[in-house]
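Reader: I should like to work through this structure step by step. May we begin with the terms?

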Amino acid sequence: MSDNCIFCKIVEGKIPSRKVYEDDEILAFHDVNPWAPVHFLMVPKAHIPSMAHVGPEHAGLLGRMMALAPKLAAQEGCRPYPEGGFRIVTNTGAEGGQEVHHLHIHVMGGPRPWLRG
Ligand code: AMP
Ligand code: ZN
C-alpha cells in the first residue's frame, strides 16, 4: 500500500470499482472512463509505480497478468481473434502518458470505432 495511491485504495476496497477478476496478487476492474466498448485495467495488488520499476523479480507476476488477459478479454465480450481481438497498453512515465502511478495494463476491445486508441 502506498499513501494516496488511487489503485492501492481500489485494491483495499476503500474506493469502489467494478471488478472483473481477483486473485491473491492481481485485480482487474473496469476503467471509469472507457475508450472502447470493453476497457478494463489489470493491476498487481502490490504497489509497483510503473513498468520502469519492473525487474526480473516481477517476471512471474507480469507473466501471469499477460497470460490472464486473453481469458478476461473474452469474458468481458471481446470477440475471438482474428476478427475480434483486443489491445493491451501500459503507459509509463510522463512522456509515456501515465497518469496513475500504480502499474496497470489497459485491456481494450470491442467493435470499432473507439473513442480513443
Ligand atoms: P494511465 O493514463 O495509463 O495512467 O491510465 C489511468 C486510467 O485509470 C485512466 O484510463 C482512468 O480513466 C483510469 N481511472 C482513474 N481512476 C479510476 C477509478 N477510480 N476507477 C477505474 N479507473 C480509473
Ligand atoms: Zn498503489
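Author: A polar contact is a pair of N or O atoms within 3.5 Å; within protein, one must be able to donate a hydrogen and the other to accept it, and residues adjacent in sequence count only if both atoms are side-chain atoms. The model is predicted, with local features needing pLDDT of at least 70 and side-chain atom pairs pLDDT 80 or more, while totals for chains, interfaces and linings use all residues. Residues are numbered from 1 along each chain as written, chains are lettered from A and ligands numbered from 1 in the order written, and side-chain values use heavy atoms, without hydrogens and water.

Reader: An oxygen atom of ligand 1 is 2.8 Å from a polar backbone atom of which residue?

Author: Ligand 1 has a nitrogen atom 3.3 Å from a backbone N or O atom of Val32. A polar side-chain atom of His104 lies 2.8 Å from an oxygen atom of the ligand. The polar backbone atom 2.8 Å from a ligand oxygen belongs to Val100.

Reader: Which protein residues are donors of the zinc ion (ligand 2)?

Author: Donors are N, O and S atoms within 2.8 Å of the metal (3.2 Å for Na, K and Ca); water is not among the atoms, so sites may look incomplete. Along the chain, the zinc donors follow the spacing C-x2-C-x38-H-x54-H. Lying 2.0 to 2.3 Å from the ion, they are Cys5 (SG), Cys8 (SG), His47 (ND1) and His102 (ND1).

Reader: Are Cys5 and Cys8 buried or exposed?

Author: Buried means under 20% relative accessible area, exposed over 50%, and partly exposed in between (1.4 Å probe, protein chains only). Cys5 and Cys8 are both buried.
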